[in-house]
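Me: Please take a close look at one part of this model: one chain and the contacts made with neighbouring copies. Keep it brisk.

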There are 6 protein chains.
Amino acid sequence: MFYTDNKLQFPVRVEKPNPVFARALQQAIGGVEGEIRVAMQYMFQAWGARGDPKFRELLLNTGAEELGHIEMLATAVALNLEGAPLSLQEAVSADPVGGAVLNGINLKNLLSAGLSAMPVDSDGVPFDMSHIYASGNIAADMTANVAAESTGRVLAVRLYNMTDDPGMKEMLQYLIARDTMHQNQWMAALEELGGPQDVFPIPNSHPQEEENREFSYAFLGFQKDGSEPPKGRWSEGQSIDGNDSFSTRLMEPLGEEPNLGRARPNSGAQAEQL
Amino acid sequence: MFYTDNKLQFPVRVEKPNPVFARALQQAIGGVEGEIRVAMQYMFQAWGARGDPKFRELLLNTGAEELGHIEMLATAVALNLEGAPLSLQEAVSADPVGGAVLNGINLKNLLSAGLSAMPVDSDGVPFDMSHIYASGNIAADMTANVAAESTGRVLAVRLYNMTDDPGMKEMLQYLIARDTMHQNQWMAALEELGGPQDVFPIPNSHPQEEENREFSYAFLGFQKDGSEPPKGRWSEGQSIDGNDSFSTRLMEPLGEEPNLGRARPNSGAQAEQL
Amino acid sequence: MFYTDNKLQFPVRVEKPNPVFARALQQAIGGVEGEIRVAMQYMFQAWGARGDPKFRELLLNTGAEELGHIEMLATAVALNLEGAPLSLQEAVSADPVGGAVLNGINLKNLLSAGLSAMPVDSDGVPFDMSHIYASGNIAADMTANVAAESTGRVLAVRLYNMTDDPGMKEMLQYLIARDTMHQNQWMAALEELGGPQDVFPIPNSHPQEEENREFSYAFLGFQKDGSEPPKGRWSEGQSIDGNDSFSTRLMEPLGEEPNLGRARPNSGAQAEQL
Amino acid sequence: MFYTDNKLQFPVRVEKPNPVFARALQQAIGGVEGEIRVAMQYMFQAWGARGDPKFRELLLNTGAEELGHIEMLATAVALNLEGAPLSLQEAVSADPVGGAVLNGINLKNLLSAGLSAMPVDSDGVPFDMSHIYASGNIAADMTANVAAESTGRVLAVRLYNMTDDPGMKEMLQYLIARDTMHQNQWMAALEELGGPQDVFPIPNSHPQEEENREFSYAFLGFQKDGSEPPKGRWSEGQSIDGNDSFSTRLMEPLGEEPNLGRARPNSGAQAEQL
Amino acid sequence: MFYTDNKLQFPVRVEKPNPVFARALQQAIGGVEGEIRVAMQYMFQAWGARGDPKFRELLLNTGAEELGHIEMLATAVALNLEGAPLSLQEAVSADPVGGAVLNGINLKNLLSAGLSAMPVDSDGVPFDMSHIYASGNIAADMTANVAAESTGRVLAVRLYNMTDDPGMKEMLQYLIARDTMHQNQWMAALEELGGPQDVFPIPNSHPQEEENREFSYAFLGFQKDGSEPPKGRWSEGQSIDGNDSFSTRLMEPLGEEPNLGRARPNSGAQAEQL
Amino acid sequence: MFYTDNKLQFPVRVEKPNPVFARALQQAIGGVEGEIRVAMQYMFQAWGARGDPKFRELLLNTGAEELGHIEMLATAVALNLEGAPLSLQEAVSADPVGGAVLNGINLKNLLSAGLSAMPVDSDGVPFDMSHIYASGNIAADMTANVAAESTGRVLAVRLYNMTDDPGMKEMLQYLIARDTMHQNQWMAALEELGGPQDVFPIPNSHPQEEENREFSYAFLGFQKDGSEPPKGRWSEGQSIDGNDSFSTRLMEPLGEEPNLGRARPNSGAQAEQL
């Protein structure tokens with residue numbers, strides 16, 4: 001169950017409203033690496049968490065935090081859209097650069113939302129909830145969370161570099177810091193689960209003798225000329241999960257050219273296929 | 001540039017065609033944790049890779065491998081669909097369980113593809129390329145790849161547990177092994193980049209003095225009653241990136257209730273909002 | 001800013017887990033008339049609300065409530081999926097009806113989520129955030145909310161009629177009651193804004209003398225034979241907004257056959273179009 | 001069955017083609033509040049209408065009207081795109097404001113459609129037919145239609161305010177007038193069904209004694225500090241459906257912290273969850 | 001401008017309602033090869049048609065026909081859904097095959113549409129208007145139409161083979177016949193435009209001396225071992241457009257390994273990439 | 001099974017990086033007529049091909065070619081994005097036209113991909129794999145391929161006309177040439193299958209005596225006033241499949257106004273519908 005106090009988690013202040021930056025901020029709301037994604041991802045992971053209940057609580061707690069981040073960003077979008085032109089004439093009468101402002105916004109922010117935020121990305125594409133990864137495997141979920149916070153901080157840094165508005169920079173310094181914490185937090189959760197050697201390969205509940213061990217630690221090469229693929233930590237030394245050693249193998253097809261045979265009558269195929 | 005030899009990377013053999021299992025296999029083709037995703041993700045990461053060219057080569061190489069996995073699975077789907085009923089009468093005349101077969105397949109596999117595979121998931125939802133994460137940051141990309149292979153192996157294990165067809169079990173033992181390798185491979189790539197302490201926080205090119213350090217390593221609590229959130233590796237000890245120590249902080253709103261003020265005339269708002 | 005107490009708003013109890021009903025419940029989570037939609041819709045409306053701040057507070061408050069409904073339903077889905085078969089053999093060995101269970105679930109609930117809820121509808125289609133209507137016009141938003149709660153209660157009633165599990169019936173009696181309230185609540189908000197005669201036509205800030213008044217209250221007929229379209233409250237009497245009287249008019253084209261002329265050179269058209 | 005006469009319902013005239021306005025008009029074609037949506041929504045509602053056949057006829061009739069609106073807008077888009085630059089050089093050589101024109105259009109209107117309209121919104125996102133609400137409940141459908149026409153008229157007013165082309169203003173005056181009528185028309189249909197007290201709660205066929213009446217007319221508060229949520233018409237007085245009185249109640253969790261227990265073996269969970 | 005007479009283009013009669021066949025018919029409504037697609041495709045092609053106006057009229061005329069096909073199929077879906085179980089108990093108490101009926105339908109047809117048709121495909125996925133191909137090139141449009149009617153007739157034949165209901169077979173015999181005509185009709189339109197030698201390559205307005213003629217009629221081989229790709233009409237003889245002769249060429253990379261160099265500072269890349 | 005040599009199929013050279021042209025090129029990658037579509041379409045057609053195996057090989061071979069085209073275009077996008085502004089200040093300080101550059105790009109190319117290509121179209125919409133047409137009917141597949149290459153070449157020509165960069169022009173001359181070949185190639189495949197008279201109507205395996213022959217070759221008229229629809233090759237002479245002669249027929253409804261009757265109790269309808 002959830003509660004609100006109507007206030008902002010961190011102050012949101014815009015000194016010079018910039019509608020193009022509003023468009024950029026939309027990526028942090030409705031982009032695949034944005035805040036709707038993490039808020040909903042942590043909640044769905046929590047709601048499906050089996051095993052030690054502390055993970056459910058951990059996830060719900062940070063899910064609630066992220067919901068407040070959407071709120072901060074939505075407020076920032078609306079404040080940046082203040083002053084956007086409402087008509088083509090208004091756009092043109094501004095200075096040459098300003099004349100391009102109407103071009104530069106997601107028109108839906110104006111036409112559909114009346115100068116407010118929407119759950120869309122920086123090109124106006126609505127967020128699609130298939131990006132909520134909640135696998136029922138707590139470790140796989142944590143890797144998805146590390147990935148989400150890594151791409152999320154990359155995005156926040158790009159936004160930070162894009163603006164010179166002091167209020168926006170301050171808000172992004174907070175959000176970048178939170179991404180730092182969350183990357184560390186989900187990595188820490190993987191450590192809590194035993195660290196790489198206990199956690200991997202995910203799921204660790206599947207007996208490795210039931211996989212084809214000949215191929216479990218071999219870096220396969222698919223170069224056209226049969227040359228060796230690039231060497232690196234992935235081609236030699238102990239595997240990260242500690243269960244074997246890496247090797248390299250140039251791959252040859254182990255199967256034949258498949259033949260599905262002829263089509264069945266009444267299956268809508270062309271007569272030549274029957 | 002890419003080449004083919006028309007053959008299968010690993011033999012695909014179905015002893016007892018099972019149309020419902022064909023539907024399940026579709027998840028490994030067109031699901032968000034499926035093979036189209038990893039094939040395309042590794043390629044787009046390669047095509048945008050800046051810096052040391054070995055990562056481009058590493059990614060393209062494994063991208064080519066994954067393309068061959070789609071081919072294997074597509075063949076497996078088609079072979080499992082052999083014998084699916086083409087008419088409602090045919091479905092009913094089978095044994096009681098068989099009578100439910102037509103219900104159990106994605107009808108598009110029959111109606112749109114003529115008993116062949118499609119780039120859709122196990123519920124018939126087409127794959128959406130927004131799931132291709134290629135961030136331009138090589139480390140963030142690697143975390144996304146670890147996540148993809150983790151959820152991918154979870155899926156492959158579930159498919160393995162679902163079937164008792166010896167051919168399908170053999171094929172999945174190969175694919176599970178490859179997921180083991182690929183989880184290790186991308187973790188190894190993170191080690192090649194210096195390991196957690198060098199890699200995180202991602203992007204490591206952003207100076208941490210420009211983030212709000214007060215919040216960079218604090219586990220924030222959002223419990224309604226102000227109680228402490230669950231403790232764990234994330235709330236104490238050195239941070240994973242080695243840059244600080246974890247702490248816990250009960251969060252209070254630092255911002256006020258935001259007020260967007262009144263709506264502008266001509267913005268399509270209701271008169272009461274002006 | 002948001003908080004949680006990890007508890008459920010209302011008890012969720014499943015006496016006889018039914019995986020097919022789990023699939024049906026998914027519609028109430030990720031369907032277009034489901035709870036993700038209303039939770040997010042009320043929040044985005046709040047975050048873009050201009051004018052009297054009480055609407056922001058009203059919307060946030062009920063948004064927090066709806067978030068708790070997703071949590072209840074996600075729990076109900078997971079509980080109903082307990083006991084779902086994990087293998088085709090397990091499915092077949094059950095009784096004839098049970099044999100169809102694996103067919104009847106969204107396979108993603110098993111394959112992608114490990115027997116937990118997902119933000120998808122009852123056919124496994126992920127929720128798309130374009131369904132969040134937040135127009136920047138407070139009255140238009142209220143009509144969208146009445147519609148959402150009306151289709152939402154229709155759905156909840158259908159789910160209630162579908163199950164005979166006492167726990168599920170009890171949970172749905174609560175949710176149906178909340179939909180009753182919310183229909184009334186948003187209608188009440190329209191009354192607070194002045195009722196139909198003040199509110200409509202939406203937006204009421206646009207001067208009606210700038211619309212083509214000849215067509216503002218005419219029910220237009222498009223019958224092929226020029227006969228009159230069906231009569232009703234919409235074709236006679238005072239208009240609902242009180243500004244005029246309804247009439248009926250058989251429509252004739254007022255424009256000509258449009259002609260876009262010839263295509264421009266270099267526009268990729270066929271030579272015959274130039 | 002449907003017929004055409006190839007002519008336009010209302011004249012479409014563009015004095016000064018403006019490609020950026022063409023982009024804005026796309027929202028009225030393929031936006032969620034656009035004309036494809038209402039045309040298709042009214043038709044699908046008609047095709048599924050059970051009960052008094054006059055509603056089927058009413059809906060089909062207005063569906064045919066809306067189809068003609070798409071045609072008008074598509075013509076307007078094509079006419080506004082006349083004169084758009086076909087090359088980057090052409091774009092740059094124009095005046096400073098014109099130089100931004102190529103930036104400002106949906107490039108697909110040029111690249112995919114050759115300077116014609118597409119079934120996409122103003123940011124180039126294709127219309128998705130999940131926005132067709134046809135619930136099988138005639139009253140719920142009417143509320144969805146009121147919402148569609150309300151957001152539709154808000155959009156049309158914003159487009160009207162954006163342009164100063166006399167032809168476009170005239171066309172939009174017609175469309176705004178039709179939205180006025182359609183808002184009134186669907187409200188009138190709700191009156192034909194008995195007005196608020198007979199219609200609500202929707203569906204009115206479900207016996208209210210089977211809902212949890214304790215919560216049917218209570219405005220629930222979810223403030224973090226337990227303070228009262230905002231008062232208004234929704235918190236006191238007779239309910240809109242006339243069946244009870246509104247009250248306010250501060251909500252406490254009625255359920256416990258849910259516990260899904262341990263994961264099943266073979267379900268792909270991590271060993272720690274079993 | 002469009003008109004209706006509320007009647008069906010061809011009789012729709014269902015002798016034995018079959019909810020699973022209703023699900024299959026949905027593919028012909030909202031599948032990518034279904035009737036919404038062709039209706040909307042022909043209309044958007046018409047609305048963007050430049051050059052000889054007879055193509056606009058031809059397209060609008062057949063667009064109106066296809067709209068009537070959606071209506072027929074929607075009626076057929078609703079009639080087939082009559083008698084579908086509304087509860088799980090009702091489903092189970094039927095005969096063993098009937099027990100699987102609830103599993104076999106798109107649950108949205110029941111839960112969202114109340115036993116009526118929806119604009120979705122046979123797996124419940126909503127139709128997405130990006131499938132409307134209207135290129136602004138009249139010949140390219142005709143090829144898209146031939147493709148649409150070809151896959152459309154394949155689908156209709158599969159549906160015809162799936163049912164033994166005399167009413168449904170009769171309806172499908174009509175729709176199959178119309179697909180026969182429409183395949184021929186759009187092929188005839190290509191002949192009207194001059195036939196293959198005048199029409200191809202599309203667009204025929206682009207001077208072929210501005211393409212790289214060395215590769216315009218060469219069938220390129222990409223076999224891993226450098227062997228020749230399969231021979232056929234495509235590898236020898238005059239080209240279909242009559243402009244040259246086919247040849248075969250084993251392809252070698254003409255470009256080098258690309259190198260994007262190092263990432264820019266402030267671009268969010270990892271330090272190692274700078 | 002697939003292989004790579006890391007090299008480019010054809011040189012990709014950009015003399016004057018142009019971020020707006022990068023955006024345009026995205027359409028050729030992730031647009032519905034782009035290279036992801038053809039690469040994946042040819043592969044899925046191959047993987048489902050039944051009958052003569054040479055079609056499988058033909059399709060895989062050209063699928064491998066198209067994969068190399070995505071690689072070329074992705075490289076071209078990244079090279080064109082070099083020099084795009086990373087901040088709003090940088091954008092403004094450029095010349096007036098340059099000032100609009102940041103507006104003109106898909107912001108995701110910068111924010112999500114760090115100045116690299118993405119699998120999205122020119123308006124930032126991700127590619128959706130429902131555009132992969134693989135019908136199980138080899139002839140229908142070929143018509144889909146002709147359509148894909150026709151719209152593909154129209155797009156390539158528009159891109160060619162848009163740029164004056166010599167490197168980009170050279171690359172596009174190659175791609176346009178390949179589209180010429182591929183149009184011819186798939187037309188040749190249709191000839192290999194017997195040419196129009198053997199191939200059509202597709203599927204040719206369905207006996208035409210089981211369609212309603214009265215309507216198989218009649219061009220139907222749906223003009224409101226009962227006038228004749230436009231004449232052309234489609235209304236007279238032998239049909240393209242050679243099986244009959246074209247005629248014209250003014251259509252009258254052959255069915256009645258459908259009546260779905262009253263709604264079932266417990267189906268969630270309004271009481272008035274029961």
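Reply:
**Chain C and its partners**

Chain D falls on chain C after a rotation of 180 degrees, with 0.0 Å of shift along the axis and an RMSD of 0.0 Å. The two copies are therefore related as by a two-fold rotation axis. Both use the same surface: 99% of the contact residues of chain D recur in chain C. This is a predicted model, so every value here is computed from predicted coordinates.

Now the contact between these two chains. Chain D puts in 95 residues and chain C puts in 94 residues. On the side of chain D that touches chain C, four elements give two or more residues. They are helix 3 (54–81), helix 7 (138–162), helix 8 (166–192) and strand 2 (218–221) of chain D. Helix 8 of chain D gives the most to that side, with 16 residues. By class, the side of chain D that touches chain C holds 48 nonpolar, 27 polar and 20 charged residues.

Next, the other neighbour. Chain C can be laid on chain B by a turn of 120 degrees, with a shift of 0.0 Å along the axis. The RMSD of that fit is 0.0 Å. These two copies are thus related as by a three-fold rotation axis.

Which surfaces do chain C and chain B use to meet? Only 14% of the interface residues of chain C are also interface residues in chain B, so the copies meet through different surfaces. The contact takes 37 residues from chain C and 41 residues from chain B. On the side of chain C that touches chain B, the elements giving two or more residues are strand 1 (2–4), helix 4 (88–93), helix 5 (101–104), helix 6 (107–111) and helix 7 of chain C. Helix 6 of chain C gives the most to this side, with four residues. Sorted by class, the side of chain C that touches chain B has 20 nonpolar, 13 polar and four charged residues.

Helix 7 of chain C also has a partner inside its own chain. Helix 2 (residues 35–47) and helix 7 (residues 138–162) of chain C pack at an angle of about 170 degrees. Their axes lie 11 Å apart. An angle over 145 degrees counts as roughly antiparallel, and that makes helix 2 of chain C roughly antiparallel to helix 7 of chain C. From helix 2 of chain C, the contact is made by Arg37(C), Val38(C), Gln41(C) and Gln45(C). From helix 7 of chain C come Asp141(C), Ala148(C) and Gly152(C). The contact of these two helices has two nonpolar, three polar and two charged residues.

Chain A shows the layout of one chain. Chain A has nine helices and three strands. From the N terminus on, the order is β-α-α-α-α-α-α-α-α-α-β-β. The radius of gyration of chain A is 25 Å, well over the 19 Å that the globule rule gives for 274 residues, so chain A is more spread out than a compact globule. The C-alpha trace of chain A spans about 70 × 60 × 45 Å along its principal axes. Chain A is divided into domain 1 (19–197) and domain 2 (207–253). Taken over C-alpha atoms, the centres of domain 1 and domain 2 of chain A are separated by 37 Å.

Some backbone details in other chains remain. In chain B, the peptide bond from Phe200(B) to Pro201(B) is cis, with omega near -10 degrees. Pro201(B) lies in the loop between helix 9 (196–199) and strand 2 (218–221) of chain B. In chain F, a cis peptide bond joins Ile202(F) and Pro203(F), and omega is about -5 degrees. Pro203(F) sits in the loop between helix 9 (196–199) and strand 2 (218–221) of chain F. Asn266(B) is not a glycine, yet has a positive phi of about 70 degrees. Asn266(B) is found in the segment after strand 3 (247–250) of chain B.

How values were computed
Residues numbered from 1 in each chain as written. Chains lettered and ligands numbered in written order. Predicted model: local features only at pLDDT ≥ 70, side-chain atom pairs only at ≥ 80, totals over all residues. Least-squares fit on C-alpha atoms with pLDDT ≥ 70 in both. Contact = placed C-beta atoms within 7 Å. Nonpolar A, V, L, I, M, F, W, Y, C, P; charged D, E, K, R; others polar. Axes fitted to C-alpha atoms, helices over the stretch in contact; angles between N-to-C directions. Parallel < 35°, antiparallel > 145°, perpendicular 65-115°, else oblique. Domains from an automatic or database assignment. Rg over C-alpha atoms; globule rule 2.2 N^0.38 Å.
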